[in-house]
Amino acid sequence: QFVESGGGSVQAGDSLRLSCAASGQSFHNYVGGWSRQTPGKEREFVAVVSFRGDWTYYAESVKGRFTISRDNDKNMMYLQMNSLKPEDTAIYSCATSPHLTRSLAGFGSWGTGTQVTVSS
């Protein structure tokens with residue numbers, strides 16, 4: 001179970017910090033990830049963080065602007081989004097995977113997500 005929060009409507013260049021609360025599992029035993037989706041389009045991989053948070057990987061479209069992190073003591077994962085662009089507009093969701101991955105492959109069910117809208 002995942003509950004995302006922190007989305008909103010912002011202007012281009014602004015920042016947002018998304019949060020993901022995980023429950024019902026040993027969170028520290030899983031790789032964490034964020035994805036995003038817009039209506040009519042396929043889900044897009046955004047970022048992944050390793051079990052202990054010491055390795056991260058990003059989609060090219062967000063590299064250098066987004067930062068993924070986690071707090072295993074709190075069963076939480078975060079996505080700091082800076083320099084937001086209109087093309088970042090989407091519903092952002094989190095999930096976990098039992099294995100390290102650089103794509104959507106391996107992730108289980110995604111949360112319902114939080115809407116991020118970026119205006120130009």
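What follows is a student and a tutor talking through a predicted model, asking what each label rests on.

Student: What makes this an all-strand list of elements, and how do they run from the N terminus on?

Tutor: The count comes to zero helices and 10 strands. Reading from the N terminus, the order is β-β-β-β-β-β-β-β-β-β.

Student: Why is the protein called as compact as a globular protein of its length?

Tutor: Set the value against the rule: the radius of gyration is 13 Å, and the globule rule gives 14 Å for 120 residues, so the two are close and the label holds. For the outline, the C-alpha atoms fill a box of roughly 40 × 30 × 25 Å along the principal axes. The accessible surface is about 6,100 Å², with 47% of that belonging to carbon and sulfur atoms.

Student: How do you know which strands are the edges of the six-stranded sheet?

Tutor: Start with the order, β2-β10-β9-β4-β5-β6, an open sheet with mixed pairing. An edge strand pairs on one side only, and that is the case for β2 (8-11) and β6 (56-58). From one strand to the next, the twist averages 25°.

Student: What makes β4 and β5 a pair?

Tutor: Pairing needs at least two bridges. Strand β4 (residues 31-37) and strand β5 (residues 44-49) have five bridges, in the antiparallel sense, so they pass the cut-off of at least two. As one example, G33 has V48 of β5 as its bridge partner.

Student: And what is the order of the four-stranded sheet?

Tutor: That one runs β1-β3-β8-β7, again open, with antiparallel pairing. Its edge strands are β1 (2-5) and β7, each pairing on one side only. Neighbouring strands here are turned by 15° against each other on average, direction ignored.

Student: How do you know that β8 has a partner on each side in that sheet?

Tutor: The order puts β8 between β3 and β7, and the bridges back that up. Six bridges join strand β3 (residues 16-22) to β8, running antiparallel. Six bridges also join β7 to strand β8 (residues 76-81), antiparallel as well. On the β3 side, the bridge partner of S19 is Y78, while on the β7 side T67 stands opposite Q80.

Student: Which residues of β7 are on the covered face, and which are on the uncovered one?

Tutor: In strand β7 (residues 66-71), F66, I68 and R70 make up the covered face. The uncovered face has T67, S69 and D71.

Student: Why is Y78 called buried?

Tutor: Buried means under 20% relative accessible area. Y78, which lies in strand β8, has 12%, so it counts as buried. Its contacts, leaving out residues up to four places away in sequence, are R17, L18, S19, W34, T67, I68, S69 and D71. One of those, R17, is 61 residues away in sequence but 6.9 Å away in space, C-alpha to C-alpha.

Student: How do contacts across the whole protein divide by sequence distance, and what share of residues is buried?

Tutor: Among contacts between residues at least 6 apart in sequence, 56% join residues at least 24 apart. Buried residues make up 40% of the 120.

Student: What makes N75 and S83 stand out in their backbone, and are they buried or partly exposed?

Tutor: Each has a positive phi without being a glycine: about 55° for N75 and near 50° for S83. N75 belongs to the hairpin of β7 and β8, where four residues lie between the strands. S83 is in the loop between β8 and β9 (90-97). Partly exposed is the range between the 20% and 50% cut-offs. N75 has a relative accessible area of 24%, so it is partly exposed. S83, at 41%, is therefore partly exposed as well.

Student: What makes up the largest nonpolar core, and which residues have the most contacts inside it?

Tutor: The core has 30 residues, and W34, L79, M81 and Y92 have the most contacts inside it. At least two residues each come from β3, β4, β5, β7, β8, β9 and β10 (114-119). The largest share, five residues, comes from β5. In soluble globular proteins, nonpolar side chains tend to be buried together.

How values were computed: Residues are numbered from 1 along each chain as its sequence is written. This is a predicted model: local features need pLDDT of at least 70, side-chain atom pairs count only at pLDDT 80 or more; totals for chains, interfaces and linings use all residues. Side-chain values use heavy atoms; hydrogens and water are left out. Axes are lines fitted to C-alpha atoms, for helices over the stretch in contact, and angles run from 0 to 180 degrees between N-to-C directions. Buried means under 20% relative accessible area, exposed over 50%, partly exposed in between (1.4 Å probe, protein chains only). The radius of gyration is taken over C-alpha atoms; the globule rule is 2.2 Å times the number of residues to the power 0.38. Contact means heavy atoms within 4.5 Å. Accessible areas come from the Shrake-Rupley method with a 1.4 Å probe; for residues, only the protein chains shown count as cover. A nonpolar core is a set of buried Ala, Val, Leu, Ile, Met, Phe, Trp, Tyr and Cys residues joined through side-chain atoms within 4.5 Å.
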